[in-house]
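Colleague: I would like to go through this structure one question at a time. Please give the reasoning before each result.

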Amino acid sequence: MTISSFRQTDRLSKSVQNIKPSGIRRFFDMASTMENVISLGVGEPDFVTPWNVREASIASMERGYTSYTSNAGVFELREEIARYLDDRFSTPYDPEKEIIVTVGASEAIDITMRATINPGEEVVIIEPGFVAYAPIVSLAGGVPVSIGTKKENGFKLTKEELEAAITPNTKAVMLCFPNNPTGAVMTKDELLPIAEVIQKHNLLVISDEIYAELSYDNEHYSFPRLPNMRDRTILISGFSKAFAMTGWRLGFVCAPSDISSAMLKIHQYTMMCASSLAQYGALEALQNGREEVERMVTSYRQRRNFIVKAFSEIGMSCHVPGGAFYAFPSIEKTGMDSEKFAEELLKEEQVAVVPGNVFGEGGDGHIRCSYATSMDSLQTAIERMGRFLEKHS
Amino acid sequence: MENKKLEVLRLLEENGRMDVSTIAKMVDEKEKKVQSMIDELEEENIIVSYAAVVDWSKVNEREGVTAMIDVKVTPQRGVGFDEVAERIYRFPEVKALYLVSGAYDLSVVIDGNTMSEIANFVSEKLSALDSVISTTTHFRLKTYKHDGVVFGDEDDDDKRIVVAP
C-alpha cells in the first residue's frame, strides 16, 4: 500500500488526533507578528542563566565531558540533587535508586505517566494548570479528569473537590503547587486533608514542584514529607525556573525504587540520558548557586508585590499569588471572556498576556500575567492595561 | 537594620531614581513609611549621594584620562594612615581613595584632562607629601564594567519567545 492510499486520518494515531493544539500557540503566533509588544506571556525567568553555571558547562566541554552519561544521570549530580532536596525541603532520596535526571520536568511527567498508567485509568488534574498535563496523560493511554479550583479558595484544592473527582478508575492525582498559572501555594495544613483522601483511595500522587524555590510568603512544603505519602508520591522538579535554565532542558524525578526503575526503562530507551553539558552546568548550579537563586527570588517577590498592588490600583481584582512568577487577575468586570480580552489587549495596547481558559477548567475570566520581566516593562504594561480597562468597563 | 529598610536600600543602590510609590509596592509597605526610611538613610549618611553611572568613552567632548595610583606611605603615630589619606582625598581630582592590604597602602583613583596633568599631580603633589614613600601609576585604558554595570554595547536583548507555557 502506498502512502497516498492512506486516508488522511489513518496516517496519524488516534491518540494524537484527539489532542487539541495548545491555545497558547495561537497567541504566540499573533504576538510575534506585532511590533512594540510588551510581553507578560512568557512562562520563564527573565534572568539569563548565572554565569558560573554557563562557565562550568563550557569547561566541561573543554575538558571533553561530551559522552553519554549513565542513564539516570551523572552520579555526582544525583548525589547533589539528593543533598539539595534533603537540605532545602527535607525530602531525602537515594541517589542510587530513586533519582533520575531527565530532559526537563516535561520528560519526567511523561515517563511518570507511562510507567504508572494503564489504558483507561484516570488521572485527576488540577486546573487551571500547566497545559501539558492532560495531553501527556492521554498519550500514555490514561484519562485526564479535571478539577477546576476556585478563585474564592485562592485556587487551592479542597478535599471535597478531590473526593468528588475520584472514581473506581482513578489511579493518580497530579498536583502542582506553587501553581502555573494561578501562583497558588498550599501549606502543610492545607495538604494534610488532601493526603488523607489519597491514602483512603489508595492513589498515587505526581507532585510537580518545579516552582518550589519560588515561594514568597512561606517555606515550600514538599508533598512527600506528609505522613505516609513518600511511598506513593512521584516528585518532579528541575532547574528551569529556580536556576533560570529553561533552555538547558534539565529536570529530575524522584520516586520509590520500584517506580523509578520502571521509569528508567522508558528513559533509557527513549532518551538514553540527559545532555551531559547541561548536567555539568546543573552540578555547578547546585554546588555554588544558592546566592543567585536567592537574589532572583527576592527580585520576583518584589515584582509580585508590585504587580498585585498595581493591578488593584487600576481596578483589576487579583488574589496574592504565593509562588511561581504569575499573577492571575480576574477580568470578569469587563464582561469579556479571557480569549477576547487577551486578543483586544494585544491589538489595542500591544500587551501580550495568556488567556486563562487555555489552562483548563476555572481559568476563563482570568488572564495569566508573568511578572518575570523588567520593572520598566511592568510599569509600561500596567499603564497600558489601565487605559484599556478604563475604555472597556 | 530592619529587613524592609535594607531592601529599600538595595533597590536604591540598584536604581537611585526609583520612585517612592514603586518601592512601596515592591516591598509591600506604605509610601509614607518608605519615605521616612529613605529620609533616615540619607540623614544617617548611609545613602551618601545619588549619581548616574556615565560611560564617558561615548562622549566626544570629553577627552579625559583616569589613573589608578598605588601609594606606599609611612603611617604616623597616633593617626595611622588617616592623616595622609585626608591630605590626599582633599584634592578635587581624586575620585576615590582606598586603604588596601598588600604590597602598598593607599589606592588613589584620579581623573585628569591629560596624561601630563596626572603626571604633574603625581610628581608635584602626591610624591611631595612627607609620608609618601613611593608611587606606581596605572592609566586606565578601557572600562569593561564599573559599579556592577557592564559598559559598551552588550547584547542584553530579551532572547525569550514572546508567549510560552
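The questions below take up the helices, the contact between the chains and some backbone details.

Colleague: What kind of model is this?

Modeller: The coordinates do not come from an experiment but from a prediction, and local features are described where pLDDT is at least 70. The model is therefore a predicted one.

Colleague: Do the ends of helix α13 of chain A agree or disagree with the span expected at 1.5 Å a residue?

Modeller: Helix α13(A) runs over residues 375–392, which makes 18 residues. At 1.5 Å a residue they should span 26 Å. The end C-alpha atoms are 25 Å apart, so the two values agree.

Colleague: Are the buried residues of α13(A) on the same side or on opposite sides?

Modeller: The buried residues are A:L378, A:A381, A:I382 and A:M385. Around the axis they cover an arc of only 105°. That arc is why they lie on the same side of α13(A).

Colleague: Which exposed residues sit on the face of α13(A) turned away from its buried side, and what do the buried residues pack against?

Modeller: The face turned away carries the exposed residues A:D376, A:E390 and A:K391. On the buried side, the partners belong to chain A. They are β1 (38–39), α11 (290–313), α12 (338–349) and β10 (351–352).

Colleague: What arc do the buried residues of α12(A) fall within?

Modeller: α12(A) has twelve residues and reaches 16 Å from first to last C-alpha, close to the 16 Å expected. Its buried residues are A:S338, A:F341, A:A342, A:L345, A:L346 and A:E349. Seen down the axis, these residues line one face of the helix, because they fall within an arc of 125°.

Colleague: What do the buried residues of α12(A) pack against, and which residue just after the helix takes a positive phi?

Modeller: The buried residues of α12(A) pack against α2 (23–32), β10, β11 (354–355), β12 (367–370) and α13 of chain A. Just past the end of α12(A), phi is positive, at about 55°, in A:Q350.

Colleague: Is the crossing of α4(A) and α10(A) left-handed or right-handed?

Modeller: Helix α4 (residues 75–89) and helix α10 (residues 276–288) of chain A pack with their axes 10 Å apart, at an angle of about 35°. From α4(A), A:E76, A:L77, A:E80, A:I81 and A:Y84 meet A:Q279, A:A282, A:L283, A:L286 and A:Q287 of α10(A). By class, this contact has six nonpolar, two polar and two charged residues. The crossing is left-handed.

Colleague: How many residues of chain A are in contact with chain B, and which classes make up the side of chain B that touches chain A?

Modeller: Twelve residues of chain B are in contact with 23 residues of chain A. On the side of chain B, the classes are seven nonpolar, one polar and four charged residues.

Colleague: Which elements do the buried residues of α1(B) pack against?

Modeller: The twelve residues of α1(B) should span 16 Å at 1.5 Å a residue, and the end C-alpha atoms are 17 Å apart, which agrees. B:E7, B:V8 and B:L11 are buried. They fall within an arc of 100° seen down the axis, so they line one face of the helix. Their packing partners in chain B are α2 (20–27) and α3.

Colleague: Which class of exposure does B:K5 have?

Modeller: B:K5 is found in helix α1 (residues 3–14) of chain B. It has 19 C-beta neighbours inside 10 Å, while a buried residue needs 20 or more. B:K5 therefore counts as partly exposed.

Colleague: Are A:A244 and B:N45 buried or exposed?

Modeller: A:A244, in the loop between β7 (233–238) and β8 (251–254) of chain A, has a positive phi near 55°. B:N45, in the loop between α3 (31–43) and β1 (65–73) of chain B, has a positive phi of about 60°. With 23 other C-beta atoms within 10 Å, A:A244 is buried. With 8 other C-beta atoms within 10 Å, B:N45 is exposed.

Colleague: Which peptide bond, with omega near -5°, is cis?

Modeller: Most peptide bonds are trans. A:P128 lies in the loop between β3 (122–127) and α6 (133–139) of chain A. The cis bond with omega near -5° runs from A:E127 to A:P128.

Conventions. Residues numbered from 1 in each chain as written. Chains lettered and ligands numbered in written order. Predicted model: local features only at pLDDT ≥ 70, side-chain atom pairs only at ≥ 80, totals over all residues. Contact = placed C-beta atoms within 7 Å. Nonpolar A, V, L, I, M, F, W, Y, C, P; charged D, E, K, R; others polar. Helix = DSSP H or I, 4+ residues; strand = E, 2+ residues; numbered from the N terminus. Expected span 1.5 Å × (residues − 1). Buried ≥ 20, exposed ≤ 12 C-beta atoms within 10 Å, placed from the backbone. Arc of directions from axis to C-beta. Axes fitted to C-alpha atoms, helices over the stretch in contact; angles between N-to-C directions. Left-handed = near helix turned anticlockwise from the far one by under 90°.
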